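Student: Could you show me how to read a model of two chains, beginning with confidence and ending with a single residue?

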Amino acid sequence: MTKPPPRPVTGSEDMDAVMRINTELMSELWILRDRVTILEKLLEEKGVVTREAINDYAPEGEFAEQLDDERDRFVRRIAGAPWEVEFTVESLIERGQR
Amino acid sequence: MLNLSQRGRAGLQFLGSLQPYASSRVRQLAKADFEADPEGAALMEEYERGGSNEPWDERISRGRSVAERSVAYKHERFYQRYVAEENFVRAIPAIEEKREEAKKLVSGPKEDCGGSLELDDSVPIPEYYEGVEWHLEPGGWDGYDLAGPMFMAGIGRYVFSKGGYAAVEVGDNIRNQRVDVTKELPKDHYDRIYEMGCGGATTLLACHQNYPKAELIGSDLSPALLKGGHDAARAAGVAIHFKQRDCRDTREPDESVDAVVMYALMHEMPVSVGVEAIEEAFRILKPGGDLIINDPPPFAAVHPFQAVVLDWDTDFRGEPFFSETCATEWVDVMRDAGFVDTKAFGLGSQGYPWINLGTKPA
């Protein structure tokens with residue numbers, strides 16, 4: 001069995017842990033991006049939608065608002081994670097769905 | 001060529017991007033931090049003056065404490081460890097997704113081209129070898145039945161081919177390196193070339209490229225690596241005779257080969273075993289025969305920061321004998337064994353491949 005390193009690689013167990021999470025995320029993001037790129041290529045080759053159409057697409061109306069809401073929630077959830085550590089029932093109701 | 005699934009391929013390609021980036025850009029930053037540190041500068045001055053009498057482990061320890069002050073060093077070393085682990089964490093499941101196809105590569109019919117494979121399970125497995133997860137590979141060299149396809153279609157193809165690990169620099173072509181190294185043998189022709197600890201066929205195929213008329217013999221302790229080598233040799237149409245042997249006891253007759261090659265072998269054994277292997281090489285070489293040893297450079301030959309980087313592999317990359325090997329001047333061991341016309345030199349910018357050459361007196 002391959003065992004963990006004999007001591008933290010960075011000198012700190014906490015730092016090792018954070019870097020592992022970060023690097024796994026970086027890797028998963030790449031794997032997903034690779035897949036999306038392949039999807040775009042195949043969709044274009046099969047005449048379904050071109051990459052240019054995706055690049056030039058300008059969200060409008062209800063769809064644009066939906067994207068705005070999702071994006072704001074995404075940013076709040078990730079950038080706000082270190083700060084949103086205290087809550088009450090009322091604050092959660094006021095904030096709504098993260 | 002066996003193609004992996006999207007996830008398998010993309011995951012390994014990610015490692016193949018991360019490692020060279022970390023080993024070049026981030027490592028350069030770490031080295032700059034080392035050189036800017038007053039203690040680092042003192043170590044460099046000592047190195048430029050020709051070293052000191054301080055024991056290697058103490059000198060490396062001083063260098064390590066300087067290096068570990070650098071954030072860039074900590075990041076770069078983290079990525080080295082991460083990639084070394086993830087090579088197998090990703091490649092084994094990726095090959096398992098294609099198990100039937102990979103098995104055909106291993107066990108499918110191969111054309112005979114005059115080589116041979118002699119396995120012998122009476123060859124005792126040495127204590128130093130037992131239970132080591134070499135390079136963090138779970139189960140060691142014989143731990144996974146599809147290790148050959150795993151390296152060929154996965155780790156080798158997407159990660160190792162980019163360099164940036166252990167002593168291999170970013171951009172180094174490790175196949176071409178074997179051709180360049182074996183070309184350093186001093187003669188134009190050899191009748192019989194013997195590789196100790198051959199692993200697979202890669203170095204012997206490079207020997208064939210340089211010495212197409214030579215009879216080629218390779219030995220190793222690992223049945224899996226020998227079988228893989230036999231398959232690779234047949235796929236290449238090159239006759240190589242593979243034998244399961246301990247390099248200290250090849251069972252070849254005295255004075256029966258013209259050249260002995262040891263490629264990236266020494267650091268996989270304790271120094272005491274390496275000494276015995278050199279003595280065995282002397283025995284089986286004909287008078288006038290040549291020995292070439294390629295391995296990571298000795299600590300004495302490299303920048304103090306590079307010495308810290310090499311030493312790190314011992315504890316963190318499944319290389320238990322790396323540091324004691326780098327603390328050894330193999331060319332001195334060769335002279336003690338009776339070799340003459342000995343020389344040692346580096347081919348790469350950081351000293352790897354590091355070559356030791358010697359000839360058995362005629």
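The dialogue below goes from confidence to chain B, then to the contact and one residue.

Student: Which scores does the model carry?

Tutor: Confidence comes before any reading of detail. This is a predicted model, and its scores are ipTM 0.77 and pTM 0.89; for chain B the mean pLDDT is 93, with 100% of the residues at 70 or more.

Student: How does the radius of gyration of chain B compare with that of a compact globule?

Tutor: The idea is to set the value against what the chain length would suggest. A compact globule of 362 residues would be near 21 Å, and chain B, at 20 Å, agrees with this. Its C-alpha trace spans about 60 × 55 × 35 Å along the principal axes, while 51% of the residues are buried. Chain B holds 13 helices and eight strands.

Student: How many residues does each chain bring to the contact?

Tutor: Chain A gives 16 residues and chain B gives 16 residues. On the side of chain B, α1 (6-36), α4 (71-96) and α11 (304-316) each contribute at least two residues, and that side consists of seven nonpolar, two polar and seven charged residues.

Student: Why does A:Pro5 count as partly exposed?

Tutor: Here one counts neighbours: A:Pro5 has 16 C-beta neighbours inside 10 Å, and is therefore partly exposed, since a buried residue would need 20 or more and an exposed one 12 or fewer. A:Pro5 sits in the segment before α1 (13-45) of chain A, and, leaving aside residues up to four places away in sequence, touches B:Arg81 and B:Phe316.

Terms used
Residues numbered from 1 in each chain as written. Chains lettered and ligands numbered in written order. Predicted model: local features only at pLDDT ≥ 70, side-chain atom pairs only at ≥ 80, totals over all residues. Helix = DSSP H or I, 4+ residues; strand = E, 2+ residues; numbered from the N terminus. Contact = placed C-beta atoms within 7 Å. pLDDT = per-residue confidence, 0-100. Nonpolar A, V, L, I, M, F, W, Y, C, P; charged D, E, K, R; others polar. Rg over C-alpha atoms; globule rule 2.2 N^0.38 Å.
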